[in-house]
Amino acid sequence: MEKQDGKDYFGFEGQAQSYAKYRPQYPDQFLQYIRAEHMKGLNHNVSIDIATGTGFLAKQLAINLGFKKVYGTDISESQLKEAANKYKDLTNIEFHQAGIEELPQFIEKHNLKNENQLDLITFGQSIHWMPLQKTLETLDSVLGSSMQQYVLVLAYSKPLIYDGQNLWQRIKEQNMESKGFVVKTNIPTDYQFDQSKQSIQSLISEAYEEMWAKIYPHFRFDRSVIEKFYTPFNFDDYLNVDTQIIWNDLTPQKSIHEVFGYMNSNSAYQCYLEDHKIEKGSNEDPLVILKQKVAQTCGSDIQLANEIKIDFVTPYFCYLMSKKSQ
Ligand SMILES: C[S@@+](CC[C@H](N)C(=O)[O-])C[C@H]1O[C@@H](n2cnc3c(N)ncnc32)[C@H](O)[C@@H]1O
């Protein structure tokens, strides 16, 4: 299915709100790890978060990473509205409507051309939405040559509902260390998988994977690049790739409603409904089907189903890049 120019795939009714509430946020520990281990000497003057959506990475840059000033840019009016409203009390963040194509003009307009100003440009779950070659050329054109400036491309591939084994199988099958990645698995130290929940987690995982399989062809970009941790992208033709990291982050006891909310925020789910002309909330709605299957695991006891908690693993990954040396 082709992406339509000018269409806002993040502006479906209620999507920005779902997005702000339920999308995986980049774990602070992961960001701190990247900074401490791989971005030594980073200054914290200004960063620009491209395609900021509802702005949570911009917020993390401003608060957790301590940037003096953060600009969040995006093309989606409704996402930006949600971001501006959510973070209206943070005086060091500004949100602006601008596409990646306009980055050079944006930098000029905000007086960020001075090389000691702009320290970091970030992308969160977004570079795959953009024309890659043009985007990399743009980045190359705005990076200064004589200083420590970074581009941090962050993303996460399909999260999984942990059934006690599937995470380890997946890591082994992917074998990403052999492809140059540092692979980390972050599990809370006091975590223990509750074996008594294994069969229920497996059934829920199956229903969740079924919904994914259904909506997957409705992404308006080649989503498989994310499952391949962007390895098909030729970043290093344009920029210097300093580090590639995969960070499997386990959240125990996530409420099933948060999983439903996450699926609701998915652009492919919204496009699936639109493409098949399915009414939201009807029996053909894949999210309704997922909810029904989850309820069945509790013998259709709705109250019990509402209280289900699952262990959720999100495979975050990043490419930390800088200007190619001349
Ligand atoms: C999946 S969302 C990611 C939002 C947020 N950064 C995050 O980490 O969740 C992708 C975002 O990319 C934005 N986007 C798509 N094409 C863009 C472009 N050419 N320039 C800037 N933003 C774009 C969309 O509007 C959307 O908000």
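# Asking how we know

Mentor: Let's begin with one pairing: Asp49 has Gly72 as its bridge partner in E2. This is a predicted model, where local features need pLDDT of at least 70 and side-chain atom pairs count only at pLDDT 80 or more, while totals for chains, interfaces and linings use all residues. Residues are numbered from 1 along each chain as its sequence is written.

Trainee: What makes something a strand such as E2, or a helix?

Mentor: Both are DSSP runs, numbered from the N terminus: a helix (H or I) has at least four residues and a strand (E) at least two. Strand E2 covers residues 69-74, and strand E1 covers residues 46-50.

Trainee: How do you know that E1 and E2 pair?

Mentor: Two strands pair if DSSP finds at least two bridges between them. Five bridges join E1 to E2, so the pair meets that rule, and the two strands run parallel.

Trainee: Which strand does E1 join through Ile50?

Mentor: That is E4, where the partner of Ile50 is Phe123. Ser47 also has a partner in E4, namely Leu120. E1 and E4 (residues 118-124) are parallel and share five bridges. E4 in turn is joined to E5 (residues 150-156) by five bridges, again running parallel. Leu120 takes part there too, with Tyr150 as its partner in E5.

Trainee: Why is the unit of E1, H3 and E2 called right-handed?

Mentor: A crossover earns that name if, with the strands pointing away from the viewer, the path from the first strand over the helix to the second runs clockwise. E1, helix H3 (residues 56-63) and E2 make a right-handed β-α-β unit.

Trainee: Why is strand E1 described as largely enclosed?

Mentor: Five of the five residues in E1 are buried, so the rest of the structure largely encloses the strand. Both faces are covered: Val46, Ile48 and Ile50 are buried on one side, and Ser47 and Asp49 on the other. E4 is also largely enclosed, because seven of its seven residues are buried.

Trainee: What makes a residue buried or exposed?

Mentor: We count other C-beta atoms within 10 Å of its own, with C-beta atoms placed from the backbone: 20 or more is buried, 12 or fewer is exposed, and in between is partly exposed. Tyr262 has 21, so Tyr262 is buried. Glu102 has 16, so Glu102 is partly exposed.

Trainee: Where do Tyr262 and Glu102 sit?

Mentor: Tyr262 is in helix H10 (residues 256-264). Glu102 is in the loop between strand E3 (93-97) and helix H5 (103-109).

Trainee: What does Tyr262 touch?

Mentor: Leaving out residues up to four places away in sequence, Tyr262 touches Tyr22 and Arg23. A contact here has C-beta atoms, placed from the backbone, within 7 Å.

Trainee: How do you know that the buried residues of H4 line one face?

Mentor: Look at helix H4 (residues 77-86), where Gln79, Leu80, Glu82 and Ala83 are buried. Viewed along the axis of H4, the buried residues fall within an arc of 160°, so they line one face. The arc is that of the directions from the helix axis to the C-beta atoms. As background, an α-helix has 3.6 residues a turn, so residues three or four places apart point the same way.

Trainee: What stands out about the phi of Ala51?

Mentor: Its phi is near 55°, a positive value in a residue other than glycine. Most residues other than glycine have a negative phi. Ala51 lies in the loop between E1 and H3, and with 23 other C-beta atoms within 10 Å, Ala51 is buried. Tyr230 also has a positive phi, near 60°, and 19 neighbours make Tyr230 partly exposed.

Trainee: Which residues are closest to the ligand?

Mentor: Ala51, Gly53, Ser76, Gly99 and Gly124 are the closest of the 18 residues that surround the ligand. A residue counts as near a molecule or strand if its C-beta atom, placed from the backbone, lies within 6 Å of it.

Trainee: How many residues of that shell are nonpolar, polar and charged?

Mentor: Eight are nonpolar, eight polar and two charged. Nonpolar means Ala, Val, Leu, Ile, Met, Phe, Trp, Tyr, Cys and Pro, charged means Asp, Glu, Lys and Arg, and the others, Gly among them, are polar.

Key
Contact = placed C-beta atoms within 7 Å.
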